[in-house]
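User: I am new to this structure and would appreciate a guided discussion of it. Please explain the reasoning behind each answer.

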Amino acid sequence: MTCKGICVRHKAQKPVGSGRYASGQKRCQICEIFIKWDGLWCPCCGYRLRTKPRNLKYKAKLRARTKKIMEPLTAPVITA
Ligand SMILES: [Zn+2]
Ligand SMILES: [Zn+2]
């Protein structure tokens, strides 16, 4: 899984007045880029795209609450 340079063709501009995720942009952690793409997977490297912002506060709360259960935090969540 590496960046092949395809993602730059789909590079998303920073939206005005709203967040990147709110305007439908997705983030590839491998390519380290925000792209405009309908699929769930990066067209460039094939890695799963991030569609939601990372909420550290929520995550910390969740971790504290589910400490005993030990849920995998890396499990993908699909809401769309
Ligand atoms: Zn790429
Ligand atoms: Zn990518």
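User: Is Ala 22 buried or exposed, and why?

Analyst: This is a predicted model. Ala 22 belongs to the segment before β1 (26–28). A residue with 12 or fewer other C-beta atoms within 10 Å counts as exposed. Because Ala 22 has 10 other C-beta atoms within 10 Å, this residue is exposed.

User: What is the distance in space between Ala 22 and Pro 53, C-alpha to C-alpha?

Analyst: Along the sequence, Ala 22 and Pro 53 are 31 residues apart. In space, their C-alpha to C-alpha distance is 9.2 Å.

User: Gly 19 is also in the segment before β1. Is Gly 19 buried or exposed, and what separates its C-alpha atom from that of Pro 53?

Analyst: Gly 19 has 10 other C-beta atoms within 10 Å, and therefore Gly 19 is exposed. Gly 19 and Pro 53 lie 34 residues apart along the chain. The separation of their C-alpha atoms is 9.1 Å.

User: Which elements make up the secondary structure of the protein chain, and what pattern do they follow?

Analyst: The protein chain has one helix and two strands. Reading along the sequence gives the order of these elements as β-β-α.

User: Which element has the highest mean pLDDT, and which the lowest?

Analyst: For the protein chain as a whole, the mean pLDDT is 84, and 76% of the residues reach 70 or more. Among the elements, the highest mean, 97, belongs to strand β2 (residues 33–35). The lowest mean, 65, belongs to helix α1 (residues 56–65).

User: Where is Glu 32, and what is its phi?

Analyst: Glu 32 sits in the loop between β1 and β2. Glu 32 counts as exposed because it has 9 C-beta neighbours inside 10 Å. Its phi is positive, in a residue other than glycine, and is near 55°.

User: Which residues form the largest nonpolar core?

Analyst: Buried residues account for 12% of the 80 residues in the protein chain. The largest nonpolar core has eight residues. They are Cys 7, Cys 28, Cys 31, Phe 34, Ile 35, Cys 42, Cys 44 and Leu 49.

User: Which residues does Cys 42 touch, not counting residues up to four places away in sequence?

Analyst: Cys 42 is one of the residues of the largest nonpolar core. With residues up to four places away in sequence left out, Cys 42 touches Cys 7, Cys 28, Ile 30, Cys 31, Tyr 47 and Leu 49.

User: Why is His 10 partly exposed, and how far apart are His 10 and Lys 36 in space?

Analyst: His 10 is found in the segment before β1. His 10 is partly exposed because 18 other C-beta atoms lie within 10 Å. Not counting residues up to four places away in sequence, His 10 touches Ile 35, Lys 36, Trp 37 and Pro 43. His 10 and Lys 36 are 26 residues apart in sequence, and their C-alpha to C-alpha distance in space is 5.6 Å.

Notes:
Residues are numbered from 1 along each chain as its sequence is written. Chains are lettered from A and ligands numbered from 1 in the order in which they are written. This is a predicted model: local features need pLDDT of at least 70, side-chain atom pairs count only at pLDDT 80 or more; totals for chains, interfaces and linings use all residues. pLDDT is the predictor's confidence in each residue, from 0 to 100. Helices (H or I, at least four residues) and strands (E, at least two) are DSSP runs, numbered from the N terminus. A residue is buried if 20 or more other C-beta atoms lie within 10 Å of its own, exposed if 12 or fewer, and partly exposed in between; C-beta atoms are placed from the backbone. A nonpolar core is a set of buried Ala, Val, Leu, Ile, Met, Phe, Trp, Tyr and Cys residues joined through C-beta atoms within 7 Å. Two residues are in contact if their C-beta atoms, placed from the backbone, lie within 7 Å.
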